[in-house]
Amino acid sequence: MKIAIIGAGNLGQSIAKGLITTDAITSLYLTKRNVFTIQEFEGYKNVTLTPDNALAVKHSDILIFAVQPRHFEAVLEEVKPYLNDNHVLISVITGFDISRIETIVGKSQFIMRAMPNTAISVGQSMTCISANEKGQQKVKLAQAIFNRLGRTMVIPEEQIQAATVICASGIAFWMRLIRATTQGAIQLGFEAEEAHELAMQTCFGSASLLIESGKHPEEEIDRVTTPRGCTIEGLNEMEHQGLSSSLIKGIVASFEKINQIKKN
């Protein structure tokens, strides 16, 4: 696949790392105004670094746009003369609707929005995808790309904002829970590195159990809770302190904020 990532910032670089490590490219163009900041990619085979968006578009079939929202319209206007009927446009930009993209480049283009998270760099992203009417023909192609970098789910565009909170912001939420678990382990006497490893692997194991078994979390919780045991004691104290409520409130607050950003 001939892919260009227009705007190789943090997310763009994460996508690039995932594509490179899974050998998903025939060629890969990475664009950034200051290519010096992405020199780490220079040594990879079939990877080209350039500040020239038009050049990247001319030599690619799949265009992944990862620029800042305020720059996206100008970038689309810049590359519009170089688009052809076969180009697949995938935006990973928050708050920029498909209809706005269509207004600039036309409804005849294959247009999709994809919302991955930074775990894409290690092939473990949860990526949600939505498409315009024409883009529906290429959804399986987008899934083929992002399934190599984790898992995908096709959703209506009106759910993209919510997916951003659950999957993209969700990375930070889970990181904070891991940090809190690490701090608890240190308080119980483990060294910092030991505590960090214990928290990370336990989190990974929990998710793996659910993925492999397909079970509801409560089923797995029941397996490790015994009457009057330490696990149920800890769980009940966490709930008394508002663990689940705080998480839900945080998710809703993030969703309200992202909707404000979109309006502005």
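Which residues form one aromatic cluster? In this predicted model, the cluster consists of Phe65, Phe72 and Phe96. The structure holds 3 aromatic pairs. In one of them, the ring centres of Phe65 and Phe72 lie 5.4 Å apart and the ring planes meet at 50°. The pair is classed as tilted because this angle is neither under 30 degrees, as stacking requires, nor over 60, as an edge-to-face arrangement requires. Both Phe65 and Phe72 are buried.

Phe72 also pairs with Phe96. Here the centre-to-centre distance is 4.7 Å and the angle between the planes is 65°, so the arrangement is edge-to-face, the cut-off being over 60 degrees. This contact links distant parts of the chain, its two residues being 24 residues apart. Phe72 belongs to helix H3 (residues 69–79), whereas Phe96 is located in the loop between strand S5 (88–91) and helix H4 (98–105). Phe96 is buried, as is Phe72. Phe72 thus takes part in a tilted pair with Phe65 and in an edge-to-face pair with Phe96.

A separate feature concerns charged residues. Glu191, Glu193, Glu194 and Glu197 form a negative surface patch. One of these residues, Glu193, is found in helix H7, which spans residues 192–213. The relative accessibility of Glu193 is 70%; Glu193 therefore counts as exposed, the threshold being over 50%. Glu193 of the patch is thus exposed, whereas Phe65 and Phe72 of the aromatic cluster are buried, and Phe96 is buried as well.

Terms used
Residues are numbered from 1 along each chain as its sequence is written. This is a predicted model: local features need pLDDT of at least 70, side-chain atom pairs count only at pLDDT 80 or more; totals for chains, interfaces and linings use all residues. Side-chain values use heavy atoms; hydrogens and water are left out. Patches are made of residues with over 30% relative accessible area and no salt bridge: like charges are joined within 9 Å, nonpolar side chains (Val, Leu, Ile, Met, Phe, Trp, Tyr) within 5 Å. Accessible areas come from the Shrake-Rupley method with a 1.4 Å probe; for residues, only the protein chains shown count as cover. A salt bridge is a side-chain nitrogen of Lys or Arg within 4 Å of a carboxyl oxygen of Asp or Glu. Lys and Arg count as positive and Asp and Glu as negative; His and the chain ends are not counted. The place of a charge is taken as NZ of Lys, CZ of Arg, CG of Asp or CD of Glu. Helices (H or I, at least four residues) and strands (E, at least two) are DSSP runs, numbered from the N terminus. Buried means under 20% relative accessible area, exposed over 50%, partly exposed in between (1.4 Å probe, protein chains only). Rings of Phe, Tyr and Trp (its six-membered ring) pair if their centres lie within 6.5 Å; planes under 30 degrees apart count as stacked, over 60 as edge-to-face and the rest as tilted.
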